[in-house]
Amino acid sequence: MAESVNVIGAGLVGCLAAIALAKRDFEVTLFDYRQDPRLETTKDRNLRSINLAISARGITSLEFVDEQISQRVLKNMIPMRGRMIHDLAGNQESQDYGLFGECINSIDRSVLNNNLLDEVDRFSNIHVKFGHKLSRVDFSREKQTCVFTTDAKEQKSYDADFVVGCDGAYSTTRSQMQREVRMDYSQEYIDCCYIELYIPPAETQDATFGSFVMSPNHLHIWPRHNFMLIALANGDGSFTSTFFGPWSLVESLDSRTKIEEFLKCNFSDALDVMGHKNAVDAFERNPRGALMCVECKPYHVDQGRAIILGDAAHSMVPFYGQGMNCGFEDVKVLMRLLDAHPQDRAAVFAEYSLNRHEDLVSIIKLAKDNYKEMSHGVTSRLYLIRKKLDTLLGKWLKDKWLPLYTMVSFKADIPYHKAILTEQRQKRILAYIQAVILATLPIGGLGLYKIIRKTLKNYRK
Ligand code: FAD
């Protein structure tokens, strides 16, 4: 008889995990405390689309689970080939993400989630239970007993051979596992608040951008040192824009006049395309989100009884656009291990915890560090020179020199922790080249050229 699994959370990662497990013939029950988000009655009309950047790690993980499903669920994504930096005067400067035209992609979160739920429905061995909030897990018996509170306030129990917790940053599965396992755990709020804003489609079609008011193929950034605004395109010609800034700054903007003055002063071109009144309304009324990082270890309960994936195991700040990508990669990594040792789930879970941790803490750290780069670094001259040099070397030395962004976003086969190690080595070389440039400036161009050429030739070998 097929083994049974309770997957907790029908978000992005939970749906993918359920599909991957169903394809391996497990009898899957997928629970979520929300009602089915595809039902008309549950659609929140006040919420506009919120989009995410999906890159190679997310896409290849979806493909690993099922190529056709991947094609179907990703069909409406919009490629973004670089950042578009907006300065205070409204000038725009494009900075490519990839060395050879690689793109990340903007995709509507709820469309992606709904598409994945449609795919879940195609499997006769996945049973979906909405309106079920996990409150407790009993790991003490042969089967794992998950206790839920339903929307009707009833308590219901479901037994399974094992549990996969994909219930997000505030995971109940994780807190229940902590009663069973000596789990290291840390949670850190960063001093950054986010507010979703909205840029509507153009009123008239533009010859260059169609129904968009600016390039849809860029991730737009208005970097202002300790705060910033970003915008990603949606399929309907609109953009979802997000403001990020310290809580004290947001709290100091306590009147409409102050908000409008602040937006006018710092993001005047964005304000024009949002519409002044709409922008101030949204800034004043939309929910203010907190950002936090969660690290823990191990990710499993022994004897193959439970495991956590996605934000439940590694919530990170959104500045590398990797939270969901990394969660999808969790599913791929776990499935590869299960495929290699289908009869030994206990060993698979233990190996997953042991080997995945280094990568997860690496991407959590990278995401935190990238806030500085997005809000400030991209405007610094030194950063731009280094980036140009980094890009030049990448183009010239090909796979022997890979900028960090390329490794994280476009090279899914490079684990996050290896990307950091490679970057550290390359950084030392870049610093050396910079020092050589400064030291040899008095010698003149030819001497400088010869030294750099020799250094790089040695590196290429
Ligand atoms: P979630 O999406 O949180 O889903 C968890 C599910 O579990 C939910 O459906 C919830 O209803 C359910 N649940 C929770 N508790 C229970 C319970 N007790 N019982 C039953 N069900 C429960 N990532 C990217 O890759 N690219 C981006 O560009 C990006 N941008 C982001 C921008 C912002 C502002 C933020 C905040 C995050 C961003 N992320 C991005 C991160 C991404 O949103 C998350 O990593 C991703 O949603 C994690 O998916 P998940 O399925 O693990 O968790």
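The ligand is surrounded by 27 residues, counted when a heavy atom lies within 4 Å of it; the closest are Asp 32, Ala 53, Arg 109, Leu 134 and Asp 311. This is a predicted model, in which local features need pLDDT of at least 70 and side-chain atom pairs pLDDT 80 or more, while totals for chains, interfaces and linings use all residues. Residues are numbered from 1 along each chain as its sequence is written, and side-chain values use heavy atoms, without hydrogens and water.

Four elements, as DSSP runs (helices H or I of at least four residues, strands E of at least two, numbered from the N terminus), each supply at least two residues of the shell: α1 (12–23), β3 (51–54), β9 (132–138) and α11 (323–340). By class, the shell has eleven nonpolar, ten polar and six charged residues.

Polar contacts with the ligand are pairs of N or O atoms within 3.5 Å. A polar backbone atom of Leu 134 lies 2.9 Å from a ligand nitrogen. Ligand oxygen atoms are 3.4 Å from a backbone N or O atom of Gly 323 and 3.0 Å from a side-chain N or O atom of Asn 325. On its own the ligand has 1000 Å² of accessible area (Shrake-Rupley, 1.4 Å probe), and the protein covers 86% of that area.

The protein atoms alone also enclose one cavity of 30 Å³ or more, a cavity being a set of points on a 1 Å grid where a 1.4 Å probe fits but cannot get out. The lining, residues with an atom within 4 Å of a point, includes Leu 197, Phe 267 and Met 274. Helix α8 (residues 268–274) gives the largest share, three residues.

Conventions. Polar contact = N/O pair within 3.5 Å; in protein donor to acceptor, adjacent residues only side chain to side chain. Nonpolar A, V, L, I, M, F, W, Y, C, P; charged D, E, K, R; others polar. 1 Å grid on protein atoms, 1.4 Å probe; cavity = no way out; pocket = protein on both sides within 12 Å on 5 of 7 lines; lining within 4 Å. Points joined across faces, edges and corners; volume = space filled by probe spheres on them.
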